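Welcome, and please take a moment to turn the model around before reading on. The report below is meant for someone meeting this structure for the first time.

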Amino acid sequence: MDKQAWHALPPDDTLTRLGSQAAGLDTHTAQERHLTHGANRLPAPPKRSPVIRFLLQFHNILIYVLLAAAAVTALLDHWVDTSVIVAVVLVNAIIGFLQEGKAEQAMAAIRQMLAPQAAVLRDGKRTTIAGEMLVPGDIVLLEAGDKVPADLRLLQAYGLQVQEAILTGESVPVDKQVESVPADAALGDRTNLAFSGTTVTSGQAQGVVVAIGGHTEIGRISGLLAGVETLTTPLVEQMSVFAKWLTLFILTVAALILAFGYFVQHQEFAELFMAVVGLSVAAIPEGLPAVLTITLAVGVQAMAKRNAIVRRLPAIETIGAVSVICTDKTGTLTRNEMLVASVITVGQAYSVDGEGYSPQGNIEPQPKEAATVTEIGLAALLCNDAELKQHADTWQVEGDPMEGALLAFAAKTGHHHRSDWTRTDVIPFDSRHKFMASLHHNHTQHAHIIVKGAPEVLLAMCQQQRSADGQAQALDSAYWQQQAETIAARGQRVLAFASRTVPPHHTVLDMTDVQEHLTLLGLVGLIDPPRPEAVAAIAECHRAGIRVKMITGDHAATAAAIGQQVGLQYPDKVLTGGELDLLNDAELASAVLDHDVFARTTPEHKLRLVTALQAHGLIVAMTGDGVNDAPALKRADAGIAMGNKGSAAAKEAAELVLADDNFASIVAAVREGRTVYDNIKKVISWTLPTSTGEAAVIVLALLLGMLLPITPLQILWVNMITAATLGLALAFEPTESNTMQRPPRPRDQPILSGGLLWHIVLVTTLFLCGVFAIYAYALDQGYSLELARTLVLNTLVVMEIFHLFFIRNLYSTSLTWQAVRGTKMVWLAVVVVIVAQAAITYLPALQAVFGTQAVGLADGLLVLGMGVVLFVLVELEKQIRLHL
Ligand code: ATP
């Protein structure tokens, strides 16, 4: 499409030019345009080619060292060693390459799940479509928190403000309006355009799509596109730095040993050098970075399966450490399937029944004609942005579920269509002022303002109430307050309705119009049952030492009733937003611990609550959906946005997005987060002692000037065969059974803790003892050096296998059927290792290469016994530690 000065055109001309109309495109035209104009997406950043990705696997100091070792062995004509080292490097690179590919796919799938949606008018009806399906001429509806899905020429705007920093660098939101502006206006002055990628901070609007995809303003500066996300977290980063230092350290030790052996012990250089190469290859944890990355990738996928989509990878670690979860109520703890159950007018209480959002249902007692309840029905229909749609037998809401419930109720009072009344202006709902107002005109020159919102807020705006016979009378605040309390105590959400007649020329609605002269019509109570799985999830949190706090905009009594139903610890003590405002930060910090229910809050309160909780050193997860929740989500250690009802602004501020808005998914994510952390710890706890154990054998032998109990070539073999199998299996470990019974891990617990260092020392010592014991035994039996070394080689591998089984259960005994049964990955790894060991021990061809000899049955059992002894010793040590 040509570059047009759309901002200079009046709205009607824009629509004509684009072949569109105020009611939107019809589906057929939209489909045709989609074919000609293509999808509304920015050109994807160029992908790294597989060759580059494969080569990048070698771009690592650990691998450089190995490659250098391979080169030197080749120069020394030790071709077999060269090929084994190259094989170690290749196996590592191939696994890294394949897993990284999988991880990238998983990330792409996640990005897909977060793909933006747009509310549009098609065939005159509001529907939600994928942002990619927008075409020029589509009419898009915007509200606070939305990300503008394409470049739009605004047709209607009510208090619309847009944050355009990504285009103009201006961080203050700008006001938007519909009047034309001069053709030469700068980008920032085109106030009647909403640009793709910018965020609506407040208000409501409708606009027609003038440009999509690469033709939008943001498309022109696609250099701004976010770079490729790499799969890493602070912990993993820390580990790769650690691995680099370890490599340097190993090289230094190797150099010292080389010097010591050559100059002091006068050993032959070539042989000594090969031993030092073996030592380096053994000690360098070359597989560690790859396996850690894989562990993360597995975790991200596991979370996505549980409906928790990780937007920023470091969050995986934080989520696992969460010690308090602050959650919304509606839709997260409850189902957000609302139903109007009661209506109160002056002197009359009605009960309403029905199924879901179906417009069928009865009102008891049956209202008389022109009763106020019918007027409330009309108000509920008009002061409402939602639409109901019938799919097969079920009715679904397009828009806010509460408003959907109000539509179903309106239908039960006989009000089905809005067509008699045109909406001329609106003050959109905002969780800060807690009401919504709309202005309506009909054909007979009547005009009304309708307001719906929280009862306290509306009571403060009304002076009058509608009597049973439709007359206006003085407001009886006490009556309404008491009625609101009664409905709320049943756990129902309470909403008040008020209206006011205005002269027909009144076409603009502003705040002063709703400050006075309103007449209260009545109250509506909506039920929203708790999710059964949320009850179970809260109990699980309590067992896991995680506190749960409910922060809601609802009435205190409603909040307390729901808090009770879902099993919060202190449901009866409610702190309201008003009370909270009276506390200073120190007072709030002390109050926050013994309250679990916060009611009538605004998003600003969420921010204060996060800060107050963090002051106690707690790691806070906070949920949110609205644009105003973004600061609290950013401030929280783990910001969690709702995938369904959440605004784009909240999703962008969050680390985690819940695909199903369900509290139980948060808890599942915490469980997965803890599992990932455990598995990272397991990978490290298995890899480091294994490497140091192997290295220590060679160092000790060299220092003692004795014949090596295992040749460098054999060490290379052990490394190749175990790192890629046993180490990798740990990345796929399932959650341990007591994972959610432990208290949360302290925020800055180092991974290389004293405990782990002790474990490294213990296992290294046991490896040394095992290796030298079997070596001594073999020599004592008068076995050949080859056979003795074969026994040592197998002992090392067997001990590594048993060590693996020990590591699988870091926090509980390994002596359970569950633990022995293992997982498919573990047994697959073990089988591969055993077959490989059998091959190197018994196949003549391999015997010739690796200098091994067949092992007899008794000795084989002895080797197995060494593994068992190692297992028993480390397990005993763990049991003692666990019971101390
Ligand atoms: P929760 O934490 O339970 O999800 P919330 O914090 O999102 O709730 P809000 O949406 O801020 O709560 O709603 C607060 C109050 O504002 C409600 O109790 C209701 O009285 C009123 N309210 C909510 N939605 C609307 C709306 N669309 N129009 C008018 N009033 C509303």
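What follows is a short tour, from the whole protein down to a few of its parts.

**The whole protein**

Please keep in mind that this is a predicted model. The protein has 30 helices and 27 strands, and its C-alpha atoms fill a box of roughly 115 × 65 × 50 Å along the principal axes. Of the 884 residues, 56% are buried. Take the contacts between residues at least 6 apart in sequence: 72% of these join residues at least 24 apart.

**Strands that pair**

A good place to begin is strand β7, residues 199-211. Is this strand enclosed or open? With 13 of its 13 residues buried, β7 is largely enclosed by the rest of the structure. Strand β3 runs antiparallel to β7, and β4 also pairs with β7 in the antiparallel sense. Gln204 of β7 is a handy landmark here, as it stands opposite Glu143 and also opposite Tyr158.

Another pair to look for is β1 and β2, which form a hairpin with two residues between them. In the turn, Asp123 has a positive phi of about 55 degrees. Within this hairpin, Ala119 has Thr128 in β2 as its bridge partner.

The table sets the three antiparallel pairs side by side.

| Strand | Partner | Bridges |
|---|---|---|
| β1 (residues 117-122) | β2 (residues 125-130) | six bridges |
| β3 (residues 139-143) | β7 | five bridges |
| β4 (residues 151-163) | β7 | 10 bridges |

**A helix with two sides**

Next comes helix α15, residues 477-489. How far apart should its ends be? At 1.5 Å a residue, its 13 residues should span 18 Å, and the end C-alpha atoms are indeed 18 Å apart, so the two values agree. The buried residues of α15 are Trp480, Gln483, Ala484, Ile487 and Ala488. Looking down the helix axis, these buried residues fall within an arc of 130 degrees, and therefore they line one face of α15. Ala478 and Ala489, on the other side, are exposed.

What do the buried residues of α15 pack against? Their partners are two helices, α14 (455-461) and α17 (556-566), together with the strands β10 (339-345), β18 (462-466), β20 (493-502) and β21 (518-527). Just after the helix, Gly491 takes a positive phi of about 85 degrees.

**A buried serine**

Helix α23 covers residues 663-703, and Ser691 is found in it. Is Ser691 buried or exposed? Its relative accessibility is 6%, and a residue under 20% is classed as buried, so Ser691 counts as buried. Setting aside neighbours within four places in sequence, Ser691 is in contact with Ala282, Ala283 and Pro285.

**A pocket between helices**

The last stop is an empty space. Rolling a probe the size of a water molecule over the atoms shows where such space is left. The second largest pocket has a volume of about 530 Å³. Its lining is made up of 22 residues, and those nearest its centre are Val798, Ile834, Gly860, Val863 and Leu864. Which elements give two or more residues to this lining? They are α26 (785-807), α28 (824-842) and α30 (857-883). The largest share, eight residues, comes from α28.

Notes:
Residues numbered from 1 in each chain as written. Predicted model: local features only at pLDDT ≥ 70, side-chain atom pairs only at ≥ 80, totals over all residues. Heavy atoms only, no water. Helix = DSSP H or I, 4+ residues; strand = E, 2+ residues; numbered from the N terminus. Expected span 1.5 Å × (residues − 1). Buried < 20%, exposed > 50% of the residue type's maximum accessible area, 1.4 Å probe, protein only. Arc of directions from axis to C-beta. Contact = heavy atoms within 4.5 Å. Pairing = 2+ DSSP bridges. 1 Å grid on protein atoms, 1.4 Å probe; cavity = no way out; pocket = protein on both sides within 12 Å on 5 of 7 lines; lining within 4 Å. Points joined across faces, edges and corners; volume = space filled by probe spheres on them.
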